[in-house]
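Me: I'm new to this one and would like a quick tour. Can we go through it in questions and answers?

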Amino acid sequence: MTKTKIEIEPLARVEGHGGIKVEIKDNVIKDVQVKILEGPRLFETLVIGKTPEEDLSLVPRICAICNLSHKYASLRALEKALDIKVPAVTQTYRQLMHHGEMLESHSLHLYFLALPDFFGYDNAVAMAEKFGEVVQNALALKKFGNKIMRLMGGRMIHGENPVLGGFGKLPSRESLLELKEEALHHLDFAMATIDILAGLEVPDYLERDTQFICLKPPHGEYDYYGDILLASDGKEYPLEDYKKVIIERTVSHSFAKRSAYNDRPFTVGAIARVLNLGDRLKGKAKEAYDKLVNERWYRNPIYNNFAQAIEQVFSLEDVVRIVDELLTAEIPKIVKPPRGSGTGTGGVEAPRGTLIHHYTIENGVTVDADYITPTAMFLDDIEAFIRKSGETLLAKNEMDGIELKLEMVARAYDPCISCSAHLVTVDFE
Amino acid sequence: MSSDSSDKSKPRVGIYGLTGCAGDQLLLIHCEDEILDIFNAFDIRSFVMASSNPIEDDMDVALVEGSVSTEEQKEHLLEIRKRSKILVAIGNCATVGGVQAMYAQDGTFKDRMKKVYGDMKFITAPMEGQPLDAFVTVDYYLPGCPISAKQALPLLSRLLHGASPEPFPHPVCHECKLQENKCLLLDKKFCLGPLTQGGCGAVCPSHGLPCVGCWGPNPDANFNEHVKLLESFGMTKDEVIRRIRNFGGHKILQYIKDL
């Protein structure tokens, strides 16, 4: 079977509008492009001249699925810029909030966007006929994630409750206890998911070496935030130096700040966190880690789906730990900014990877802003794995159904195309 | 794409996203208690965010999220309109243009494009975000950033049964009163509730936080008086207008032009 061009558009079951184009000439892959067809929104310019309060309302709108990660990254950046030091308990409430988003986003991706591929369905609803219990439990788990987001964010999507220096309203004791009870309930299904995944066959046509970056938590445990970039080569960098570590460049086929570390593509996301920080996992999350992680993970991003399943377990267990901690903690007050000018870089691990927000504030208004999203970081890596897949499948002459195989590679990263909308494909004239 | 897509008795539906955060489509996906019923009641032929293998032909209902921000999207929207009996704009970007349209018509778009992208030639020409009705007739509007399930599900239900969805012509204040919140304006806090379309359930004031106006302008509002009131709290008129414009898109221009 001879093909000269493979075009997959639209790329389904991802957030935002994208496509994949592979060009083949004389049985050799000439070019691979992950096309980003989302229109420009220019967020970096929308916040100029705005107050930090306005910035915080606007940035979640970059992306609905990880809206709280955007808010959280901006909070961390703006609070550094304005020298706001929130009490430890406020940080704990933020971690609770973030677990909601991890559970919402991971369960959405794992069960609804990725798993249908493994079982041969167009979507998760079609899956429900045969895998009714899994779909129902997955919906319940996602609903739980959304419940935490609503409670802490103020609304399921784009809530205004997290504010500079604290929260507008904190959850009641009853609500916290409810979360703990529900988290324990969902833990069974999260662990059952680990067993389901352990039984799946993971394709090997895409395997190649890559590198992994995530934020290093400021304590000895597993977590989703930090001020140090940790790479899989063991090197650590202060977050403020992100522009020196994550080198952005433009490429001829795509407008775009593409990212490289050590001149090579890299992966961020659940798989990067699990591979870089997995030795910190405890309890059932450790059990899940021991069941699933193997050497192939370092060469195969399909395992990102599995890493999300491990993080679901971690987040559910950590919700329980956090609730116990908050029940005896004092109610924190909102901290007011002691100054009106400064520069700050904030980093959080969004569900799909490291997210960096950077601000310069002068006299209470934003004069400079920079947002680097996970999808912008791993787009080169997706292309490299798609190229490798194409080469392997071409060499074996397994071209039937190649579109789905390439789509699975892209989907495994859980790309968020709205987030990366400043990666519009362009033609140089 | 759905297994029973040949069922002729079910309304054929397409759910599309142009430029935005995908939050309105996500809100539908997040209706965990209703999503299976929605997929069963309708013949959902295209919903790329949730399913592969869309069928793109004539439809009874198209739900379209996002602003029109490229020439390609404009063509796509015109094409969707042609094959849809009913077109519903869902979310702030589709109804007013979204946050990407906060500087509508101030002439800075080209400069801001250049600042972010440099001198690039695009495969499809970019444009400042516009609401759907700048290009096509919109039959129903579902405002929100994102839309709310309390409004989206009744709209779907009405369309399913061949009835007409009704607008909700009330400001955020109306719902804030129903929540028995103390008015933030009494404490001289900047709140855009009176100027903003309701339907969110006054969620921010219920958290003690001011309304930022994310559902877009309430057509009945007294913009003139409210801007004066906010100025009296110690903010300049420019600052007030700037904040009003954050979520007002193109539609806000008609309300603030004489202020």
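**A tour in questions**

Reply: Let's start with one residue: Thr236(B) has a relative accessibility of 42%, so it counts as partly exposed. Bear in mind that this is a predicted model.

Me: Where along chain B is Thr236(B) found?

Reply: Thr236(B) isn't inside a helix. Following the chain, helix H8 covers 223–231, and Thr236(B) comes in the loop between H8 and H9 of chain B.

Me: And how far apart in space are Thr236(B) and Ala50(B)?

Reply: In sequence, Thr236(B) and Ala50(B) are 186 residues apart. In space, going from C-alpha to C-alpha, the distance is 45 Å.

Me: How many salt bridges does the rule find across the interface of chain B and chain A?

Reply: Let's take an example from the two chains: the side chains of Glu32(B) and Lys142(A) meet in a salt bridge, at 3.2 Å from N to O. Across the interface of chain B and chain A, the rule finds a total of four.

Me: Which element gives the most residues to the side of chain B that touches chain A?

Reply: Elements giving two or more residues to that side include helix H1 (23–29), helix H2 (35–41) and helix H5 (109–117) of chain B. The one that gives the most, with six residues, is H5(B).

Me: How much area do chain B and chain A bury between them?

Reply: The contact involves 58 residues of chain B and 67 residues of chain A. Carbon and sulfur atoms account for 63% of the buried area. The area itself is about 5500 Å².

Me: Are Glu160(A) and Arg61(A) buried or exposed?

Reply: Their side chains meet in a salt bridge, 3.4 Å from N to O. Glu160(A) and Arg61(A) lie in two loops of chain A, so the pair ties together parts that are 99 residues apart in sequence. Both residues are buried.

Me: Arg81(B) and Asp139(B) meet in a salt bridge too. Which of the two counts as buried, and which is partly exposed?

Reply: The cut-off for buried is under 20% relative accessible area. Asp139(B) has 33%, so it is partly exposed. At 17%, the residue that counts as buried is Arg81(B).

Me: Which residues touch the most other members of the largest nonpolar core?

Reply: That core has 203 residues. One of its members is in contact with Ile194(A), Val274(A) and Leu281(A), among others further off in sequence: that's Ile310(A). The residues touching the most other members are Trp297(A), Ile310(A) and Ile386(A).

Conventions. Residues numbered from 1 in each chain as written. Chains lettered and ligands numbered in written order. Predicted model: local features only at pLDDT ≥ 70, side-chain atom pairs only at ≥ 80, totals over all residues. Heavy atoms only, no water. Contact = heavy atoms within 4.5 Å. Buried area = accessible area lost by both parts, 1.4 Å probe. Helix = DSSP H or I, 4+ residues; strand = E, 2+ residues; numbered from the N terminus. Core = buried A, V, L, I, M, F, W, Y, C linked by side-chain atoms within 4.5 Å. Buried < 20%, exposed > 50% of the residue type's maximum accessible area, 1.4 Å probe, protein only. Lists of a residue's contacts leave out its neighbours within four places in sequence.
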